[in-house]
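Let's take a friendly walk through part of this model. Please have a look at the structure below before reading on.

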Amino acid sequence: YIGYLPQVVKVHSGTSFYNVTLKEDTKTLDEVVVIGYGTQKKVNLTGSVASVSSSEIKDRVQTNVLSAVQGTVPGVTVISRPGSTPSINFRGRGNLGTSEPLYVIDGAIADAAFFQSLNPNSIESISFLKDASSSAIYGSRAAYGVVLVTTKNGEKGKMNVSYSGLVGMKTPTYLP
């Protein structure tokens with residue numbers, strides 16, 4: 001529910017008790033989009049948002065979150081060079097020396113190192129806010145876009161434990 005409908009109640013003399021029940025102002029998600037500072041009609045929302053669910057990245061054999069989302073989202077470039085940690089770019093190159101997006105993990109602001117250290121199996125979904133209108137709520141910190149991460153939560157019911165392991169070995173093919 002977004003709010004309540006306005007009501008007018010007439011006051012009568014001699015009546016000291018009024019039973020007023022608020023009526024919900026129901027909006028369906030097809031009509032309205034709830035944003036951080038109010039609501040907008042869906043036709044007026046022009047934001048460019050891409051999302052990746054846990055089912056899309058769970059089968060990839062990657063230990064780094066950025067390597068796991070590489071190639072899954074259009075317009076999002078993951079630059080992966082040998083020997084260095086991958087970096088992400090989806091709003092062009094910056095002129096202030098960095099073009100890193102703002103990372104928001106479960107509502108808390110984080111840095112790129114913390115984002116890259118997340119376990120890909122603990123992520124529920126990742127959303128990429130790619131344009132200025134969709135990332136405007138975060139202000140100037142989101143000049144190069146926003147990466148919103150939602151991690152998995154516990155559920156009521158029976159306990160579920162899963163294990164995923166990876167073993168590897170690196171050997172040089174040629175020693176000078």
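What follows covers a group of paired strands and then one loop residue.

This is a predicted model, in which local features need pLDDT of at least 70 and side-chain atom pairs count only at pLDDT 80 or more, while totals for chains, interfaces and linings use all residues. Residues are numbered from 1 along each chain as its sequence is written, and side-chain values use heavy atoms, with hydrogens and water left out.

Start with strand β5, residues 49–53; strands (E, at least two residues) are DSSP runs numbered from the N terminus. Its side chains alternate: Ala50 and Val52 point to one face and are buried, where buried means under 20% relative accessible area with a 1.4 Å probe and protein chains only. Val49, Ser51 and Ser53 point to the other face and are not buried.

Next comes the pairing, which requires at least two DSSP bridges between two strands.

| Strands | Sense | Bridges |
|---|---|---|
| β5 (49–53) and β10 (123–129) | antiparallel | 5 bridges |
| β10 (123–129) and β11 (146–151) | antiparallel | 6 bridges |

Val52 has Ile126 of β10 as its bridge partner, and Ser53 stands opposite Ser125 in β10. Ser125 in turn stands opposite Thr150 in β11. Because 6 of the 7 residues of β10 are buried, this strand is largely enclosed by the rest of the structure.

Now for the loop between β8 (102–105) and β9 (108–110), where Asp106 is found. The phi of Asp106 is near 50°, a positive value in a residue other than glycine. Is Asp106 buried or partly exposed? With 45% relative accessibility, Asp106 counts as partly exposed, the class between 20% and 50%.

Terms used. Helices (H or I, at least four residues) and strands (E, at least two) are DSSP runs, numbered from the N terminus.
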